[in-house]
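Some notes from an afternoon at the viewer, for anyone at the bench who wants to follow along. I went from the overall fold to the helices, then to a few single residues.

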Amino acid sequence: LYAVAPWYAVRQYTQAVRRAGFTLGMLGLEADALSRALLGEPRKGKATLVADIGHRTTTIFVRDASGLRATFSRPLAGASMTEAVAAAKKITVEKAEALKRKAGVKDGGDATVRQALVKKITDLARSIGEVAGWYARVLPETTLDEVAVTGGTSEMPGLVAMLQSLLSADYEGLTVRQADPFVRVADTVLVKKARAAHKAAL
């Protein structure tokens, strides 16, 4: 396995660790660390697709019993969804962000907000489906049976249910769930603060 990163990015992380008084043992891929935090032990003959929906981009990767597969990045995430709501409602980004957090795409919410978000979520589901389809073609002997959605935007009301509905049409038996990156960490004060920050990054 080879992983590369811009030297200036590696230097920034290295310097930050040293200034904090720690000794850096290794640097690894974020997707690898995230898969360990979210998924636990690998499942024989099964695979999980992870969609980490951030502020500007969504990172999509598959983890199976052999380890982490290729990662994909899409310029579709929380910020573009907020901007879509702002344009549809003709309001500021700040107000659109608040509406997105409150209403999302749940039933009975703001119809205009929901309509603006549905297109973005449909595009996201299409990207997830493309990766799922790629994996099925490359490794047909392994069953990709779940999508684990994480990142601040995964907290949006109704998001997981809509992704489930959209993906079930083409991928029978595929389950979509929200994944907590802190589920395997002791529930300390620091972890509670980190979890709150994670939710705030919607």
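**Entry 1: the overall count**

Before counting, I settled the terms: helices are DSSP runs of H or I with at least four residues, strands are runs of E with at least two, and both are numbered from the N terminus. I also kept in mind that this is a predicted model.

On that basis I found seven helices and five strands in the protein. Reading from the N terminus, I wrote the order down as α-α-β-β-β-α-α-α-β-α-β-α. The protein has 202 residues, and 38% of them are buried. I then looked at contacts between residues at least 6 apart in sequence, and 60% of these join residues at least 24 apart.

**Entry 2: H3 against H5**

How do H3 and H5 pack? I found helix H3, residues 78-89, at an angle of about 145° to H5, with the two axes 9 Å apart. The crossing of H3 over H5 is right-handed. On the H3 side I listed Ser 80, Met 81, Ala 84, Val 85, Ala 88 and Lys 89, and these meet Thr 112, Val 113, Ala 116, Leu 117, Lys 120, Ile 121 and Leu 124 of H5. Sorted by class, the residues of this contact are nine nonpolar, two polar and two charged.

I picked Ala 116 for a closer look, as a residue of helix H5. Is Ala 116 buried or exposed? Its relative accessibility is 12%, and the cut-off for buried is under 20%, so Ala 116 counts as buried. Setting aside neighbours within four places in sequence, I saw Ala 116 in contact with Ala 84, Val 85 and Ala 88. Val 85 is 31 residues away along the chain, yet its C-alpha atom and that of Ala 116 are separated by 5.6 Å.

**Entry 3: H6 and its two faces**

Next I went to helix H6, residues 159-168, and noted its buried residues: Leu 159, Val 160, Met 162, Leu 163 and Leu 167. Why do I say that they line one face? Viewed down the axis of H6, the buried residues fall within an arc of 160°, so they line one face of the helix. Ala 161 and Ser 165 are exposed, on the face turned away from the buried side. I also asked what covers the buried residues of H6. The cover includes strand S1 (46-53), H5, S4 and strand S5 (175-178).

Since H5 is part of that cover, I looked up how the two helices pack. H5 and H6 meet at an angle of about 55°, with their axes 10 Å apart. They are therefore oblique to each other. Their crossing is right-handed. H5 brings Arg 114, Val 118, Ile 121, Thr 122, Leu 124, Ala 125, Ile 128 and Gly 129 to the contact, and H6 brings Leu 159, Met 162, Leu 163, Leu 166 and Leu 167. I sorted these residues into ten nonpolar, two polar and one charged.

**Entry 4: H4 and the turns around it**

Which residues of H4 are buried? In helix H4, residues 93-102, I found Ala 96, Glu 97 and Lys 100. They span an arc of only 105° around the axis, which puts them on the same side of H4. Glu 94, Lys 95 and Lys 102 are exposed on the other side. H3 and H5 are among the elements covering the buried residues of H4.

After H4 comes Gly 104, with a positive phi near 55°. Lys 90 caught my eye too, in the loop between H3 and H4. Its phi is near 60°, a positive value in a residue other than glycine. I jotted down for comparison that most residues other than glycine have a negative phi. Lys 90 has a relative accessibility of 76% and so counts as exposed.

**Entry 5: Thr 142**

Last stop: Thr 142, in the loop between helix H5 (111-138) and strand S4 (143-150). Although it sits in a loop, Thr 142 is buried, with a relative accessible area of 17%. What does Thr 142 contact beyond its neighbours within four places in sequence? I found Gly 45, Lys 46, Ala 47, Asp 64 and Tyr 135.

Key: Residues are numbered from 1 along each chain as its sequence is written. This is a predicted model: local features need pLDDT of at least 70, side-chain atom pairs count only at pLDDT 80 or more; totals for chains, interfaces and linings use all residues. Side-chain values use heavy atoms; hydrogens and water are left out. Buried means under 20% relative accessible area, exposed over 50%, partly exposed in between (1.4 Å probe, protein chains only). Contact means heavy atoms within 4.5 Å. The arc is that of the directions from the helix axis to the C-beta atoms. Axes are lines fitted to C-alpha atoms, for helices over the stretch in contact, and angles run from 0 to 180 degrees between N-to-C directions. A crossing is left-handed if the near helix is turned anticlockwise from the far one by less than a right angle, and right-handed if clockwise. Ala, Val, Leu, Ile, Met, Phe, Trp, Tyr, Cys and Pro count as nonpolar, Asp, Glu, Lys and Arg as charged, and the others, Gly among them, as polar. Angles under 35 degrees count as roughly parallel, over 145 as roughly antiparallel, 65 to 115 as roughly perpendicular and the rest as oblique.
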